[in-house]
There are 2 protein chains.
Amino acid sequence: MSKTSLKHKVAIIGSGNWGSTIGKIVAENAKEHKKLFETTIVMWAFEEDVDVPNDPGLWEKLGAGPVKLSHAINTVHQNIKYLPGVRLPDNLVANSNLQDTVKDATILVFNLPHQFLSMTLSQINGYHRPYARGISCIKGVDVADGTVTLYSEMVMEKLQIYCCALSGANIAPEVVAEKFCETTIGYDSPPMDYKERDGSPRDNRVKVDEQRQSNSKPTHIKLSPIPKEYPPVESSLLKTLFERPYFQVHVVRDVAGVALGGALKNIIALAAGFVTGKKWGENTKAAIVRIGVLEMVEFGRTWFSKSVDERTFTEESAGMADLIASCNAGRNYRSALRSVEKGVPIEEIEETELGGQKLQGISTARAVHEFLSKEGKLDKFPLFASVYEIIENHQSVEKLPSLLRKDPKAQN
Amino acid sequence: MSKTSLKHKVAIIGSGNWGSTIGKIVAENAKEHKKLFETTIVMWAFEEDVDVPNDPGLWEKLGAGPVKLSHAINTVHQNIKYLPGVRLPDNLVANSNLQDTVKDATILVFNLPHQFLSMTLSQINGYHRPYARGISCIKGVDVADGTVTLYSEMVMEKLQIYCCALSGANIAPEVVAEKFCETTIGYDSPPMDYKERDGSPRDNRVKVDEQRQSNSKPTHIKLSPIPKEYPPVESSLLKTLFERPYFQVHVVRDVAGVALGGALKNIIALAAGFVTGKKWGENTKAAIVRIGVLEMVEFGRTWFSKSVDERTFTEESAGMADLIASCNAGRNYRSALRSVEKGVPIEEIEETELGGQKLQGISTARAVHEFLSKEGKLDKFPLFASVYEIIENHQSVEKLPSLLRKDPKAQN
């Protein structure tokens, strides 16, 4: 690696609590690996006026009135709106100009609310380097319009660059507080960056959703090779960029599995919340998690066929660990629990108690139900199907155990 | 099955809370499947004097003074000591005479505290039918004398009968309250009960610990075939005997994995308790569970070689589900949490707060450490090794994350 003359310039797209947390991690690593990365990490901050917390130190530097978020980050090295109280590294620099943020970057880290991704990509397109590489830290998958799209695929299609995915049991405030955790990077090493061993150029097309069985036609994109003056972007470089002593990275080849885990877990967390609300205890909740993992595996197989590795769900942080954390403390879990305690539909909790935030479990359960029913495969997914029935008020929570008895594995 | 003229007689050996719970399940099923099973289920109760709870209904029938446990069960159909308040089926009959309980039984269900198994088997030996079949519901494995012995193996060796195992996320009071849960039966269909398809008799020897790699010599036992007047004992019969609407049974062929899961989870639950005590949050705990499952898989492979199926740990109730329940609410988890909160060694909690009960996690961690260090394989088990170091006060809980960074999978 030491023969290369250029360094990677990393840009973070997004500066919410998870974006700022990943920004902190990447900035810490850039400082420690000066041969591989430019030290300054630019983080795009959607420009908004934010209130200054009631802290004399902050008031002294920022004044008392509302300030621009990027100005605050660069002045006091704190994201005073989304991660108040956390000191960010000096080499993490906020920029409110999106095109300016991406224009020299060779590695783009996408970490913004999923609903803004598509529009943001349109604004980036044409301003980014054609040989840049992307990594999506956005949880879950896009389930609009009757199809499942990975956010990494969306990046690939819109920007014509390779993009991989990062996901895991990573509640942002705990990560930023440097409490030990793990994450998974799904990286399927596109066959394009460098030459074959015999020196011949590799086929540099990547089939987007190569193994996809249903609904969408495979799209081929032609990737531009990274100039050889840069250190190669491969799994070890990604590990160096993201791993910290408190944030252990495991790289797998299964991008779809990594992304799917972060979406499907929310359906299961709703079921776990219903069960805890009913005071059915730890045995029942553990059964829900177990059945949920197996339905994740089955869904991965049904939807993405060969490209999904079931061990992503049963063994990785992006699978079972993220699921466990979500079923113990996630927003979907807590809201479902509350809906049972109050005896109201879950959508009422969503509307009245979440300050405008949406429950991913509800939209994912509906989308998954739509696909499965179109494919005639609902009977293989009793848990996903039951959660849908409960959300739609076709079944009461009371019925959940009897609906689960359709579990094909339990039938022997 | 309807051609058979005799019915199975099922005996439960043990009448604690889990024994009585399984007794209730088996008695319910015997009543529903009169062609397969004798309706009366005899449950051996270790004879002890028990106090009658302060309940006028009970006092009227039992008197106010201490009574024999078996007399109480048969008079008021309640285990007033170990499951007070739960109505047991009328066809579950307690018997304080062990030899009398087993003498006509064709299926023996072992469900007593593990430390009494060996002695109890000695008392049974010679009084049981030679063709009886056993199932052990005793959690975990025996780790005495530098070797791992499954309780099912202990039954096989001492009584020269086939024995399988049942384990899962099955906290007894929740099961007896008929809250939905799952369990796993490990049954490796010994090649002896009936003839080959061509009519020739099968080899009816079963190798005890056939695949065991270390420490003990394989023992061969010669099983007696079950008279053909009885319904065959096979996985479907076991499912019929144990499955209830609230207690879903999945049968796998991996007896060792089913038993090991119930032992190793206790080490991991200690780590989860330390983490929660430190307030390191849900990410860290989920990481502990994930690493723990992988160490279970590795331990199974190391110790039992080919006979262990890793999916028992990653997909079954006896594996990951039981682990999750234990890491959310088990005794080992709660005690480890308390030791951190109070800033005292875990053994002090064991001695002062558990009313004489022992923490299985401590003895299992020590035994597992002894095996692994003898085999030179400790470095493949950073979590098991760290828990041992913390228990022995060689390391502080504070060091747990750095000790875990040895996780070989995280190293890529």
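**Exercise 1. A cysteine in chain A**

Decide whether A:Cys164 is buried or exposed, and state which cysteine sulfur is nearest to that of A:Cys164.

*Solution.* The model is predicted, so that local features need pLDDT of at least 70 and side-chain atom pairs pLDDT 80 or more, whereas totals for chains, interfaces and linings use all residues. Residues are numbered from 1 along each chain as its sequence is written, chains are lettered from A and ligands numbered from 1 in the order in which they are written, and side-chain values use heavy atoms, leaving out hydrogens and water.

Step 1. The relative accessibility of A:Cys164 is 2%. The classes are buried (under 20% relative accessible area), exposed (over 50%) and partly exposed (in between), with a 1.4 Å probe and protein chains only. A:Cys164 therefore counts as buried. In chain B, B:Cys181 also counts as buried, at 0%.

Step 2. A disulfide requires a pair of cysteine sulfur atoms within 2.5 Å. A search over all chains finds zero disulfides. For A:Cys164, the nearest cysteine sulfur belongs to A:Cys163 and is 6.0 Å away.

**Exercise 2. The annotated binding site**

Identify the residues to which UniProt assigns the feature "binding site", and describe the surroundings of A:Lys139 and A:Asn332.

*Solution.* Step 1. An unreviewed UniProt entry places the feature at A:Lys139, A:Arg331 and A:Asn332. Such positions are given in the numbering used here with shortened feature names, and annotations may be inferred rather than shown by experiment. The three residues span 194 residues in sequence, yet no two of their C-alpha atoms are more than 13.9 Å apart, so they gather at one spot.

Step 2. A:Lys139 occupies the loop between strand E7 (133-136) and strand E8 (141-142) of chain A; helices (H or I, at least four residues) and strands (E, at least two) are DSSP runs numbered from the N terminus. With a relative accessible area of 29%, A:Lys139 is partly exposed. Leaving aside residues up to four places away in sequence, A:Lys139 touches A:Tyr151, A:Ser167, A:Gly168, A:Gly262, A:Lys265 and A:Asp322, a contact being heavy atoms within 4.5 Å. To one of these residues, A:Gly168, the side chain of A:Lys139 reaches at the backbone oxygen, at 2.8 Å.

Step 3. A:Asn332 belongs to helix H13 (residues 331-342) of chain A. Its relative accessibility is 7%, and A:Asn332 therefore counts as buried. Among the residues that A:Asn332 touches, beyond those up to four places away in sequence, are A:Asn266, A:Ala269, A:Leu270 and A:Gln360.

**Exercise 3. Salt bridges**

State how many salt bridges the structure holds, and locate the partners of the pair A:Asp104 and A:Arg129 and of the pair A:Arg366 and A:Glu347.

*Solution.* Step 1. Side chains of opposite charge can pair when their charged atoms come close. Here a salt bridge is a side-chain nitrogen of Lys or Arg within 4 Å of a carboxyl oxygen of Asp or Glu. Over all chains, 46 are found.

Step 2. A:Asp104 and A:Arg129 meet at 3.3 Å, N to O. This pair links distant parts of the chain, 25 residues apart: A:Asp104 lies in the loop between helix H4 (98-102) and strand E6 (107-110), and A:Arg129 in the loop between helix H5 (117-124) and E7. A:Asp104 is partly exposed, at 31%.

Step 3. A:Arg366 and A:Glu347 meet at 3.1 Å, N to O. They are 19 residues apart, with A:Arg366 in helix H15 (residues 360-375) and A:Glu347 in helix H14 (residues 346-353) of chain A. Both ends are partly exposed, A:Arg366 at 28% and A:Glu347 at 26%.

Step 4. In chain B, the side chains of B:Asp100 and B:Lys103 form a salt bridge at 3.5 Å, N to O. In chain A, salt bridges that share partners join A:Lys24, A:Glu28, A:Glu32, A:Glu178 and A:Arg244 into one network.

**Exercise 4. The two copies**

Determine by what turn and shift chain B can be laid on chain A.

*Solution.* Step 1. Copies are superposed by least squares on the C-alpha atoms of residues with pLDDT of at least 70 in both. The RMSD is 0.0 Å, after a turn of 180 degrees and a shift of 0.0 Å along the axis. The copies are thus related as by a two-fold rotation axis.

Step 2. B:Thr314 has the C-alpha nearest the axis in chain B, 2.9 Å from it. The same surface serves both copies, as 100% of the contact residues of chain B recur in chain A.

**Exercise 5. Positive phi**

State where in chain A the residues A:Lys279 and A:Asn393 lie.

*Solution.* Step 1. A:Lys279, although not a glycine, has a positive phi of about 60 degrees. It lies in the loop between helix H9 (255-277) and helix H10 (281-304), and is exposed at 60%.

Step 2. A:Asn393, likewise not a glycine, has a positive phi of about 60 degrees. Its loop runs between helix H16 (382-391) and helix H17 (400-404). A:Asn393 is exposed, at 54%.

Methods: A polar contact is a pair of N or O atoms within 3.5 Å; within protein, one must be able to donate a hydrogen and the other to accept it, and residues adjacent in sequence count only if both atoms are side-chain atoms.
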